[in-house]
Amino acid sequence: PYQPSETVQGALELLYNLQEELAVITGMDAVTLQPSAGAQGEWTGLMMVKAYHEQKGEVRKKVLVPDSAHGTNPASASVAGFKTVTIPSNENGLVNLDELKKHVDSDTAALMLTNPNTLGLFEQEIAEIAAVVHEAGGLLYYDGANANAILGKTTPGSMGFDIVHLNLHKTFTGPHGGGGPGAGPVGVKEFLLPYLPVPRVEKDGDKFVLNSNYPLSIGRVKGYHGNFGILVRAYTYIRTLGPIGLREVSEGAVLHANYLRKRLEPYFDAPYSQICKHEFVLSGSRQKKLGVRTLDMAKRLLDFGYHPPTIYFPLNVEECLMIEPTETESKETMDAFADVMIQIAKEVEENPGIVLEAPHTTVIGRLDEVQAARQPILRYKKEESAVKEKEPVNV
Ligand SMILES: *Cc1c(COP(=O)(O)O)cnc(C)c1O
């Protein structure tokens with residue numbers, strides 16, 4: 001990354017081409033590849049929201065976030081200096097438009113939204129939602145971490161959004177939960193281009209250049225050019241599949257989620273039982289009445305070799321299990337998973353102890369996750385000092 005641009009033309013060409021591809025995929029006009037995670041993309045987008053309003057001479061303090069949003073949304077908003085206001089969902093799990101209208105005003109900087117939302121449901125009133133926010137002078141931010149449901153079908157741009165981030169470590173090759181490193185590119189509509197991070201990768205004639213000549217830019221948000229390896233991987237994925245292949249990704253992801261949903265719904269509570277997009281939620285409240293929590297069932301899945309799905313998220317569903325099979329699983333894999341889930345549901349009724357004591361087959365059993373986070377033991381010490389290690393560490 002320290003080499004002069006003339007000597008790294010191939011790398012810059014790849015970055016430039018990826019920016020262009022992602023702009024088309026999201027319906028945006030310009031893209032930065034710098035942010036290295038979804039959360040950093042959100043923060044980058046919100047800093048642009050702030051710069052945009054300030055440039056217009058306005059100070060807007062509020063960012064609206066639905067109660068089904070990913071936890072990073074309100075966190076990014078507050079790190080960027082905004083106050084978050086939670087918008088409750090309606091009984092169908094979608095944005096409550098009346099509540100939204102109540103909260104939108106001249107202090108509203110932006111609304112952050114995921115569509116389809118984290119319940120896997122598509123916000124059908126998105127055009128009206130966008131109009132309400134825009135009429136008040138606010139901007140629309142699209143959390144596109146999991147874009148699996150919309151590739152080649154629709155774009156955040158055509159839904160009325162002004163800013164979007166993608167998680168290349170989720171949608172474009174990385175299995176959800178597969179860890180990092182990440183890449184959270186951010187796309188914007190033309191009017192926000194001047195605020196994008198610098199340096200921008202641009203094309204000048206037949207040369208690729210780094211341009212920092214954007215006086216309104218929020219500045220650099222990441223060293224070098226982002227996580228280059230992940231960008232190469234995502235670019236390879238996009239070019240290998242092409243437009244038709246990307247559309248098939250979404251068709252597969254949606255079909256798989258609905259297939260699993262239908263297989264599992266008889267055995268668990270399904271608070272939003274309707275056609276879903278790339279993911280769906282079940283509730284373990286039926287099992288909770290028998291004394292077994294969703295956490296216990298997730299631990300039991302480990303005994304069968306499954307990485308458990310996301311649990312206790314979204315927050316607006318009790319004892320939540322959020323299942324996102326993605327486009328890549330075969331019918332055999334999904335059936336095997338469904339069979340195990342059904343077996344666990346039966347165990348809860350017939351032999352709950354085996355679920356409550358799970359996992360039985362892993363090297364270590366249940367970790368105290370709270371203590372692990374609050375009092376991390378960050379280096380190995382001989383046994384005699386282990387007790388001392390457990391003293392609270394100021395983190
Ligand atoms: C994963 C995720 C994020 C955050 O992305 P990170 O790369 O983990 O920071 C934000 N929103 C949604 C909907 C996500 O699934």
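**Entry 1: H7 against H10**

I began with the crossing of H7 and H10, and I noted that H7 passes H10 in a right-handed crossing. I keep in mind throughout that this is a predicted model. Helix H7 covers residues 228-264 and helix H10 covers residues 331-350, and I found that the two pack with their axes 10 Å apart and at an angle of about 30°. Angles under 35 degrees count as roughly parallel, and H7 and H10 are therefore roughly parallel to each other.

I then looked up which residues meet here: on the H7 side I listed His256, Tyr259, Leu260, Arg263 and Leu264, and on the H10 side Lys331, Met334, Asp335, Phe337, Ala338, Asp339, Met341 and Ile342. Sorted by class, this contact of H7 with H10 holds eight nonpolar residues, one polar residue and four charged residues.

**Entry 2: H1 against H7**

Next I turned to helix H1, residues 9-26, which packs with H7 at an angle of about 45°, the axes being 10 Å apart. H1 and H7 are therefore oblique to each other, and I recorded their crossing as left-handed. From H1 the contact takes in Ala11, Leu14, Leu15, Asn17, Leu18, Glu21, Leu22 and Ile25, while H7 contributes Phe228, Leu231, Val232, Tyr235, Ile238, Arg239 and Leu246. By class I wrote down twelve nonpolar, one polar and two charged residues for the contact of H1 with H7.

**Entry 3: H9 against H10**

I went back to H10 to look at helix H9, residues 294-303, and found that H9 and H10 pack at an angle of about 125°, with their axes 10 Å apart. H9 and H10 are therefore oblique to each other, and their crossing is right-handed. Met297, Arg300 and Leu301 are the H9 residues I noted at this contact, and they meet Phe337, Val340, Met341, Ile344, Glu347 and Val348 of H10. The classes here come to seven nonpolar and two charged residues, with no polar residue in the contact of H9 with H10. Looking back at my first entry, I see that Phe337 and Met341 of H10 are also listed at the meeting with H7.

**Entry 4: Around the ligand**

Which residues surround the ligand? I listed Ala37, Gly38, Ala39, Glu42, His70, Thr72, Asp143, Ala145, Asn146, Asn167, His169 and Lys170.

I then checked individual atom distances for some of them. At Gly38 the partner is a polar backbone atom, which is 2.8 Å from an oxygen atom of the ligand. At Asp143 a polar side-chain atom lies 2.6 Å from a nitrogen atom of the ligand, and at Lys170 a polar side-chain atom lies 2.7 Å from an oxygen atom of the ligand.

**Entry 5: Backbone details in loops**

Last, I looked up peptide bonds and backbone angles. Phe313 and Pro314 are joined by a cis peptide bond, for which I noted an omega of about -5°. I placed Pro314 in the loop between strand E11 (310-311) and strand E12 (320-323). The peptide bond from Ala358 to Pro359 is cis as well, with omega near 5°, and Pro359 has its place in the loop between helix H11 (352-356) and helix H12 (369-374).

Where does Tyr224 lie? I found Tyr224 in the loop between strand E9 (207-211) and H7, which brought me back to the helix of my first two entries. I marked this residue since Tyr224 has a positive phi of about 55° although it is not a glycine.

Terms used:
Residues are numbered from 1 along each chain as its sequence is written. This is a predicted model: local features need pLDDT of at least 70, side-chain atom pairs count only at pLDDT 80 or more; totals for chains, interfaces and linings use all residues. Side-chain values use heavy atoms; hydrogens and water are left out. Axes are lines fitted to C-alpha atoms, for helices over the stretch in contact, and angles run from 0 to 180 degrees between N-to-C directions. Helices (H or I, at least four residues) and strands (E, at least two) are DSSP runs, numbered from the N terminus. Angles under 35 degrees count as roughly parallel, over 145 as roughly antiparallel, 65 to 115 as roughly perpendicular and the rest as oblique. A crossing is left-handed if the near helix is turned anticlockwise from the far one by less than a right angle, and right-handed if clockwise. Contact means heavy atoms within 4.5 Å. Ala, Val, Leu, Ile, Met, Phe, Trp, Tyr, Cys and Pro count as nonpolar, Asp, Glu, Lys and Arg as charged, and the others, Gly among them, as polar. A residue is near a molecule or strand if one of its heavy atoms lies within 4 Å of it. A polar contact is a pair of N or O atoms within 3.5 Å; within protein, one must be able to donate a hydrogen and the other to accept it, and residues adjacent in sequence count only if both atoms are side-chain atoms.
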